Amino acid sequence: MQDGAPPHIATPVKQLSNLHFGNDRIIIQHFPTAWSPRSPDLNPCDFWLWGYLKDVMYGGPIANIPELKNSIAQHIHNITTETLRSVVEYAVLRFQLIEENGGQHIKHFLSKSNPTSSS
């Protein structure tokens, strides 16, 4: 979900999710657990990917837009399975911190150095 827009989910999918995971574990509109709108704490692209790409892209000059696009695609393609596993583990930590703090922002709980920043 982005910018507070509701997720696109069909009723049969909601029913199946409820059956398998329980009503209290589903984070979508019209369920007891509300999704936090515009929450970078919950989005790996916000808390990891964009910073990673900035780090690797500022390593040298880019001549034109096609070269920039190609370089971005190549860097994304080169992300290792180990790095992605680390990002997921870090996301789980963030989710736990958010839960422990009643859904509040957790920026002040996290260290400045993201353990997934080096690839």
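**Exercise 1. Exposed surface**

Task: State how much area the protein exposes in this predicted model, and what share carbon and sulfur atoms supply.

Solution: The exposed area of the protein is about 8900 Å². Carbon and sulfur atoms supply 57% of that area. As for burial, 23% of the 119 residues are buried, where buried means under 20% relative accessible area.

**Exercise 2. Elements and confidence**

Task: Determine which helices and strands the protein has, and which elements have the lowest and the highest mean pLDDT.

Solution: The protein contains four helices and zero strands. Along the sequence the pattern therefore reads α-α-α-α. Over the protein, the mean pLDDT is 75, with 66% of the residues at 70 or more. Among the elements, helix H1 (residues 11-21) has the lowest mean, 78, and H3 the highest, 92.

**Exercise 3. Geometry and packing of H2**

Task: Compare the expected span of helix H2 (residues 44-57) with the distance between its end C-alpha atoms, then identify its buried residues and the helices they pack against.

Solution: Helix H2 has 14 residues. The expected span is 1.5 Å times one less than the number of residues, so H2 should span 20 Å. Its end C-alpha atoms lie 18 Å apart, which agrees.

Next, the buried residues of H2 are Phe47, Trp48, Leu49, Tyr52, Leu53 and Met57. Residues three or four places apart in an α-helix point the same way, because each turn takes 3.6 residues. The buried residues of H2 pack against helix H3 (65-77) and helix H4 (81-100).

**Exercise 4. Contact range**

Task: Among contacts between residues at least 6 apart in sequence, find what percentage join residues at least 24 apart.

Solution: Of these contacts, 45% join residues at least 24 apart.

Definitions and conventions. Residues numbered from 1 in each chain as written. Predicted model: local features only at pLDDT ≥ 70, side-chain atom pairs only at ≥ 80, totals over all residues. Heavy atoms only, no water. Helix = DSSP H or I, 4+ residues; strand = E, 2+ residues; numbered from the N terminus. Buried < 20%, exposed > 50% of the residue type's maximum accessible area, 1.4 Å probe, protein only. Contact = heavy atoms within 4.5 Å. Areas by Shrake-Rupley, 256 points an atom, 1.4 Å probe, with all protein chains shown as cover. pLDDT = per-residue confidence, 0-100.
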